[in-house]
Amino acid sequence: MAIMSLLESISSPRDLRALSRRQLEQLADEIRSFLITKVSRTGGHLGPNLGVVELTLAIHKVFNSPTDPVIFDTGHQSYVHKIITGRAGGFDSLRQKGGLSGYPEPAESEHDWVANSHASTSLSWAEGLAKGIRLRGEDRTVVAVIGDGALTGGMAWEALNNIADNNDLRLVVIVNDNGRSYTPTVGGLANHLAGLRTDHRYEKTLSLIKRTVTRLPLIGRPAYDLLHGFKTGVKDVLAPQSMFSDLGIKYTGPIDGHDITALTNHLEQARQYGGPVIVHCVTRKGRGFQAAEENEEDRFHAIGKINEFTGEPLSASVQATWTDAVAEAMVQLGQRRQDVVAITAAMLNPVGFGRFAAAFPDRTFDVGIAEQHAIVSAAGMAKAGLHPVVALYATFLNRAFDQVLMDAALHKTGITILLDRAGITGSDGPSHNGMWDMSLMGIVPGVQLAAPRDQTRLVEALDRAVDVDDAVTVIRYSKERLPDEINEVAHVGEGLGRVDVLRRAEGARVLVVGYGQFVGTALSVAERLNDQGVAATVVDPLWALPVSAELTSMASDFDVVLTLEDNLVEGGVGQRLRARLADEGAAAKVLTFGIPQAFLAPGSRDEVLEEIGLTAAQVSMQALGVVLNDAEVEQHTESTR
Ligand SMILES: Cc1ncc(C[n+]2csc(CCOP(=O)(O)OP(=O)(O)O)c2C)c(N)n1
């Protein structure tokens with residue numbers, strides 16, 4: 001009982017102020033136990049949060065949130081911040097419908113300034129806030145916490161470029177350096193941070209200098225200038241100076257990110273400096289949880305439900321995922337085709353490229369959290385005679401839209417983009433649903449997009465994609481389990497125009513069009529309609545984009561066409577098909593079922609689908625109303641527009 005007493009006494013950052021160093025250390029221990037117990041039951045980003053316990057305590061001890069805005073880059077490591085800002089009670093419902101968000105969420109607390117989750121935006125947010133605060137003449141400091149992984153994203157460097165030019169911005173940038181993104185962070189920046197971290201001669205000399213400096217009665221700018229002078233003096237002989245200093249931004253570190261005293265001292269100095277300061281903290285991802293610490297590759301970046309003592313997954317699934325199927329297909333492809341290369345943006349294992357990397361290390365490129373670069377780099381490799389396959393989570397393609405459009409597509413480069421986690425993903429909240437990709441890709445000239453319904457169709461699509469050397473091919477698939485094989489009973493057309501008939505009903509007036517993960521739903525809708533005496537045929541256009549002449553011609557033979565998609569209705573197959581049918585003067589009425597243009601609240605995938613009316617039961621009920629009562633057709637069509 002007594003062991004939880006400190007944590008229970010914390011309901012706001014103010015409560016930290018009176019705590020001694022020993023009490024803060026005890027609180028850190030309690031928070032770690034709390035996190036392990038709670039997150040092992042709900043799933044979530046355990047490792048990153050275990051790494052920032054002391055850091056977050058020190059931030060809230062030194063700064064005055066929410067007056068001083070604290071921005072966590074990506075936001076997956078904001079659990080400790082949530083605990084300290086009065087939300088410990090919400091952890092039983094973490095990432096669940098109506099529960100605590102897995103990311104910062106302004107609707108939850110005034111201490112959350114930004115609802116982020118796509119990486120590398122924190123420094124731009126912080127720089128903007130700091131400029132606003134400066135112009136309004138307010139006495140506030142902005143704090144941004146950015147990981148070494150997020151620092152590989154280009155936006156972070158765009159922000160630093162601007163920060164370096166504004167030496168009176170009240171901004172403290174904390175680099176949370178654990179050497180890891182999902183897996184170890186790669187690239188020149190990672191090497192540079194590692195150099196700073198590991199050069200012991202430099203560290204020793206610096207600590208001597210710092211001890212001397214902190215003994216001097218100097219704070220703020222004079223202390224920094226003195227320290228900087230010393231560091232510049234020793235840099236050439238001892239170790240590379242931080243590239244941040246070279247940019248003209250004050251830099252301090254590396255600091256032990258688990259030493260609360262060192263952290264609070266450095267942060268206090270940075271606060272008093274009155275200009276932008278980078279505080280480089282070295283932390284250990286997964287710290288304090290043995291199972292995580294022993295997992296060198298990943299350190300429990302994101303977990304499902306686990307045993308809180310052993311770290312073993314509670315429900316080890318035996319059913320394969322789409323990602324597993326991609327992993328398998330890529331290895332086979334790599335053996336057959338020497339020109340195929342794999343590109344990942346810091347997510348080698350999550351996108352299933354680990355096996356390809358093991359088999360073909362020279363042909364695998366992890367570019368860091370750099371989706372834009374990934375696409376243009378792929379275009380460059382294609383021009384050099386390779387066939388790059390870039391795998392991203394569908395939501396992160398949003399960032400690279402211009403690069404797909406103006407670099408890859410305009411230049412007619414043969415690249416393949418694999419979009420994992422397409423469609424509703426659910427518990428990561430509005431930003432992680434893969435619901436924009438098709439609508440965006442649909443306006444890019446020349447793009448061909450497949451949404452396979454099973455493993456056979458996935459492999460076929462991939463084989464075809466790597467044969468295309470003058471256009472961008474996109475293949476999207478769900479986070480869900482890989483469905484069993486679904487064979488066609490007939491098909492029309494070939495190649496891009498092929499449409500598989502999955503269920504044929506004699507005399508049917510209704511056509512159900514489904515693709516990808518929604519083929520199962522489409523079949524179930526048809527069955528339900530059939531049970532109500534309405535015959536329906538089901539087809540799968542294997543290549544969802546562009547909408548083919550074959551699909552259009554087929555649809556024109558029906559009175560009512562239902563399109564079902566795990567993508568926005570806006571810009572989806574249904575809307576495009578409706579437009580094509582209208583152009584051709586066909587009478588078929590198209591009812592479009594898909595994701596509404598809205599930011600969807602977190603929940604499980606099933607809960608979200610229910611919420612937006614996309615379960616088979618809901619779709620068939622709606623469709624039935626329309627089919628049985630023609631007058632409702634117009635109304636329904638309007639409401640889904
Ligand atoms: C634009 C974008 N791409 C990819 C991701 C997926 N992602 C989430 S966290 C993460 C790694 C972040 O590493 P780091 O910033 O070092 O934080 P750590 O988890 O190590 O504390 C990645 C790649 C993302 N959130 N946003």
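In this predicted model, F300 is placed in the loop between α13 and α14. Its phi is positive, at about 60°, although F300 is not a glycine. Most residues other than glycine have a negative phi. The side of F300 open to solvent is limited: its relative accessibility is 9%, and with the cut-off for burial set at under 20%, F300 therefore counts as buried.

The ring of F300 also takes part in aromatic pairing, for which the count comes to 9 pairs. The centres of the F289 and F300 rings lie 5.8 Å apart and their planes meet at 80°; angles over 60 degrees are classed as edge-to-face, so this pair is edge-to-face. F289 belongs to the loop between β5 (277-282) and α13 (290-293), whereas F300 belongs to the loop between α13 and α14 (322-336), so the contact ties together parts that are 11 residues apart in sequence. F289, at 4% relative accessibility, counts as buried, as does F300 at 9%.

A second pair is formed by W436 and F599. Their ring centres are 6.2 Å apart and the planes stand at 50°, so the pair is tilted. This pair links distant parts of the chain, 163 residues apart: W436 is in the loop between β9 (415-420) and α19 (437-441), and F599 is in the loop between β18 (589-595) and α24 (605-611). The relative accessible area of F599 is 69%, and because values over 50% denote exposure, F599 is classed as exposed. A further group of rings, F34, Y79 and F91, forms one aromatic cluster.

Charged side chains are also found over aromatic faces. R363 lies over the face of F360, at 4.3 Å from the ring centre. In the case of W543, the residue over the face is R464, at 5.6 Å from the ring centre.

The loop between β9 and α19, which holds W436, also holds R421. The phi of R421 is near 55°, a positive value in a residue other than glycine. R421 has a relative accessible area of 18%, and is therefore buried under the 20% limit.

Departures from the usual backbone geometry extend to the peptide bonds. Most peptide bonds are trans. The bond from S65 to P66, however, is cis, with omega near 5°. P66 is found in the loop between α4 (53-62) and β1 (70-72). A cis peptide bond also joins G253 and P254, where omega is about -5°. P254, in contrast to a loop position, is found in strand β4 (residues 250-256).

The ligand is surrounded by 23 residues, of which H76, G149, A150, R180 and E371 come nearest. By residue class, the shell around the ligand divides into 8 nonpolar, 10 polar and 5 charged residues. Polar contacts to the ligand involve both side-chain and backbone atoms. A polar side-chain atom of H76 is placed 2.7 Å from an oxygen atom of the ligand. From the backbone, an N or O atom of S117 lies 2.9 Å from a ligand nitrogen atom, and an N or O atom of D148 lies 3.5 Å from a ligand oxygen atom. The ligand taken alone exposes 590 Å², and the protein buries 98% of that area.

Two further separations were computed between C-alpha atoms. L348 and V367 are 19 residues apart in sequence, and their C-alpha atoms are 10.0 Å apart in space. L348 is found in the loop between β6 (340-344) and α15 (354-359). The relative accessible area of L348 is 17%, so L348 falls under the 20% limit and is buried. G154 and G368 are 214 residues apart along the chain, with their C-alpha atoms separated by 9.6 Å. G154 has its place in helix α7 (residues 154-163). At 36% relative accessibility, G154 counts as partly exposed, because the value lies between the 20% and 50% limits.

How values were computed. Residues numbered from 1 in each chain as written. Predicted model: local features only at pLDDT ≥ 70, side-chain atom pairs only at ≥ 80, totals over all residues. Heavy atoms only, no water. Phe/Tyr/Trp six-rings, centres within 6.5 Å; stacked < 30°, edge-to-face > 60°. Helix = DSSP H or I, 4+ residues; strand = E, 2+ residues; numbered from the N terminus. Buried < 20%, exposed > 50% of the residue type's maximum accessible area, 1.4 Å probe, protein only. Lys NZ or Arg CZ within 6 Å of the ring centre and 35° of its normal. Near = heavy atom within 4 Å. Polar contact = N/O pair within 3.5 Å; in protein donor to acceptor, adjacent residues only side chain to side chain. Areas by Shrake-Rupley, 256 points an atom, 1.4 Å probe, with all protein chains shown as cover. Nonpolar A, V, L, I, M, F, W, Y, C, P; charged D, E, K, R; others polar.
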